[in-house]
Amino acid sequence: MNADNSGISLHSETLDRLDRRLLAALQANGRISNQELAQTVHLSPAQSNRRHRRLESAGYIRGYEARLDPQRLGLGVMAFVHVSMERGQHRELVKFQRTVGKMPEVLECYAVTGDFDYVCKVVARDLKALSDFLLRTLAQLPGVSSVRSSICLDELKCTTALPLE
């Protein structure tokens with residue numbers, strides 16, 4: 001195990017209590033100043049900054065982003081789309097993954113086990129725009145054998161915060 005005096009082990013997945021508190025504070029407010037972060041986790045600003053940068057460089061923090069309101073931006077429909085691929089089409093899987101990764105309507109996409117090969121979270125202006133996207137774009141990708149969607153009626157919980165305990 002290779003640890004420095006910041007308490008973070010670079011070759012282990014263990015984080016100490018201060019690391020977890022720092023990550024929790026950053027999850028709650030990614031725009032927190034270093035001074036506020038240091039106060040929150042009870043460290044000096046220099047120690048807080050050193051740990052924060054070390055967590056970033058070790059890959060615990062992927063990045064920072066603003067969470068936008070899709071409704072306010074005119075994206076009134078959210079759907080979970082289940083995609084099945086034709087069997088034995090490995091080349092098409094790679095193309096599908098690359099193409100879906102570039103589609104702005106697809107917020108998230110996961111390869112899954114079960115009855116479908118992929119589950120994607122998709123946004124659209126309205127039902128017509130969703131229908132057009134599903135039928136004219138997603139279903140037309142090489143290797144796609146079927147597309148099924150479930151429209152989100154109400155958002156009960158939406159977070160990117162991970163449990164740190």
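**Exercise 1. Which residue in β3 does V106 stand opposite?**

Before we start: this is a predicted model, where local features need pLDDT of at least 70, side-chain atom pairs count only at pLDDT 80 or more, and totals for chains, interfaces and linings use all residues. Residues are numbered from 1 along each chain as its sequence is written, and side-chain values use heavy atoms, with hydrogens and water left out.

Step 1. Find strand β2, residues 106-111; strands are DSSP runs of E, at least two residues, numbered from the N terminus.
Step 2. β2 runs antiparallel to β3 over 5 bridges; strands pair if DSSP finds at least two bridges between them.
Step 3. Look across from V106 and you hit V122 in β3.
Step 4. Now follow the hairpin: 6 residues sit between β2 and β3, and G114 in the turn has a positive phi of about 105°.

**Exercise 2. Work out which way the β3 residues point, and find the other partner of β3.**

Step 1. Y118, C120, V122 and A124 point one way, while V119, K121 and V123 point the other way.
Step 2. Check burial (under 20% relative accessible area, 1.4 Å probe, protein chains only): 7 of the 7 residues in β3 are buried.
Step 3. β1 pairs with β3 too, antiparallel over 7 bridges, and F80 stands opposite K121.

**Exercise 3. List what V81 touches beyond its neighbours within four places in sequence.**

Step 1. Contact means heavy atoms within 4.5 Å.
Step 2. V81 contacts Y118, V119, C120, V122, L134, L138, V147, R148 and S149.

Conventions:
Buried < 20%, exposed > 50% of the residue type's maximum accessible area, 1.4 Å probe, protein only. Helix = DSSP H or I, 4+ residues; strand = E, 2+ residues; numbered from the N terminus.
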